[in-house]
Amino acid sequence: MQKKIKEITGLAFVFVMFNLIIGCKTTQQITTTNTSPIIVAMDLVNIVEDKVKIEIKVNNIDLDTLSYYMPKIVPGTYQNNSYGKYIEDFEAFDNQGNVLKVTKYGDNRWKISNTKQLSKITYWVNDTFDSESTNDVFSPTGSNILKDKNFVLNLYAFIGYFNGMKENKYKLFIKHPSILKASTSLEEIFSEHPSNNASNTDIDYFLFKRYADVVDNPIMYTNQDAVSFSVNDIKIQLSVYSKNATHNATHNASDLAPQIKHMIRAQKNFLGAINSTKKYSILVYLSSSRSDDAQGYGALEHNTSTVVVLPESLPQEKLNEALTNVVSHEFFHIVTPLTLHSKEIHNFDYNAPKMSEHLWLYEGTTEYFSILFQISQGLITKEQFFERIIDKIEAASSFDESFSFTTMSKNILMDPYRKNYRNVYEKGALISMCLDIIMRDKSEGAYGLLDLIKNLSSEYGINTPFEDHKLIKSIERASYPEISAFLQKHVAGTTPIDYEFYLNKIGVHYAVENIPSSYFIFEQQPFVTGSEPTKEVSFTSDIPFNSFLKGLGILEGDVLLSINNKEYHLKNIYDLFGDSNKWKIGDEITFKIKRNDKVMILKSNVIKPTVEKIILKQDVKASERQKKLFKKWVNE
């Protein structure tokens, strides 16, 4: 008990400073809605066993019991993370320091008794980055606690809410080492070094209008460089942390800033007046990829910021490419769903969520724009654009289409829909592509999907959510009946989409190209696999075999016994790749295989292997109208 008292005292000065700022408070009881601010103190200095101490002060509670919740899920994520699992030693106290009774229910709820006497609650928070081998929290939605070096604070992983009080203001005081600076889109009320504190610590103070703003504003504390720059009328802050980096490291904010600046300028030009954001923060955590570090690479969107996690081992060119793809997607989320969204998102329930039907709009349209703007603004070539579209067509074909996209979206947290979640980025983007093409076709190129989103954002907006079941009708009013018919048939319905039919409207068609391949692997997709139980090597692939294996007569399921009398099995499977590099074109080669328990000999001559790949090409016979629509589509 003595240790806990000392730990509580460690944050006491924060509340003293708070009282000096706001002066005396009334003790009048509020009998209806309690609007008193929630006062939160977070200690990033006195870290104990890789955990952060949280103290929360409340008053004017006129209830016998009160429940405190940590979120089960937050907006922008589509899985249950239950952040309450990372909370330890939850306690509640009255004004005299006496412990009040607390009963825990499940992972995320603590029921406090005798709350008319409640003064504060305290608890410790574990981070998620160093335990990802045992949890499913996607890294950009998680948290990091690295004493004196780095704190990734997705605040919902540290701060919860009281039932009935999510609309109360939150006042957050963060005590932190002076060597660490906060990177965030939040405006600081103040940041001070306490004169009576000999240690090198500072206190930052932030104010939130309601709990949703707490959820929406991540903070990263780091001792590494951060840079700020302006793009048109928006201020960009880029902060980068790399665990193994030095001041001379390649991956620092100054080196990454030019690509980010170029990208966001292109996005702003693409969006035009649709975006009113004045500040945007990009918080980049570069992971060592070790077992005790972040493993989930990607990003999570917020209204004015994004948290990005990528491997620090990426070379500069690949890191710039990854940042362009990832950050551009998240930046476009300022349009959907952060501006244009349904009531389910606007009134998000963090512990009993009701999901929207329209993930095709939130994730699909965002992903589509993140590709379209790159060709529209000259960041990628036409061939690269086509390759990304055909990759999505191929990826979408691997998902279950027996249920509608709206049904999947509404039930995305449950099986069997959950395992099809990735399709929101594949088919979801293709849905948006088809809508864009239909509108270009109907308007002689003058009106496209971005124009539709602008009009819908005028009708609805940040504080005016739409009703899920009325969205398609609203879209029809703002566009064409053909758009509504497409959505009813292919999104609310289960009819597969013929992408070639829509691409043909703009003079683009499918073609076949022979791509060079290795003998046993193509684009990181191996044609062989090993079986642990049998120790055998068999032929299997999610893509067609290359021309060499096809000509030899290999079928999926064949077991490889030997090549030119050298036996192959699980233990030496990797020899296949090295041995085949020594083959010479024209040499005779003999495979011994087993097919349905029958041993067979297959002979051939070595050839240069290729794989037939479907590609997109502009039709040389396209009409003038098709050419015109294509130019309007990609801003050529």
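For this tour, Ala, Val, Leu, Ile, Met, Phe, Trp, Tyr, Cys and Pro count as nonpolar, Asp, Glu, Lys and Arg as charged, and the others, Gly among them, as polar. You're looking at a predicted model, where local features need pLDDT of at least 70 and side-chain atom pairs count only at pLDDT 80 or more, while totals for chains, interfaces and linings use all residues. Residues are numbered from 1 along each chain as its sequence is written, and side-chain values use heavy atoms, with hydrogens and water left out.

**Stop 1: the pocket.** Select Tyr297, Val326, Glu367, Arg422 and Tyr425: of the 32 residues lining the second largest pocket, these are the closest to its centre. (A pocket is an open set of points on a 1 Å grid over the protein atoms alone, where a 1.4 Å probe fits, with protein on both sides within 12 Å along at least five of seven lines; lining residues have an atom within 4 Å of a point.) The lining splits into 9 nonpolar, 11 polar and 12 charged residues.

**Stop 2: Ser328.** Now click on Ser328, in helix 5 (helices are DSSP runs of H or I, at least four residues, numbered from the N terminus). Ser328 counts as buried because its relative accessibility is 0%; buried means under 20% relative accessible area with a 1.4 Å probe, protein chains only. Beyond four places in sequence, its contacts (heavy atoms within 4.5 Å) include Met263, Gln267 and Phe373.

**Stop 3: Trp633.** Finally, show Trp633. Setting aside neighbours within four places in sequence, Trp633 is in contact with residues including Tyr368, Phe385, Met433 and Arg440.

Notes. Helix = DSSP H or I, 4+ residues; strand = E, 2+ residues; numbered from the N terminus. Buried < 20%, exposed > 50% of the residue type's maximum accessible area, 1.4 Å probe, protein only.
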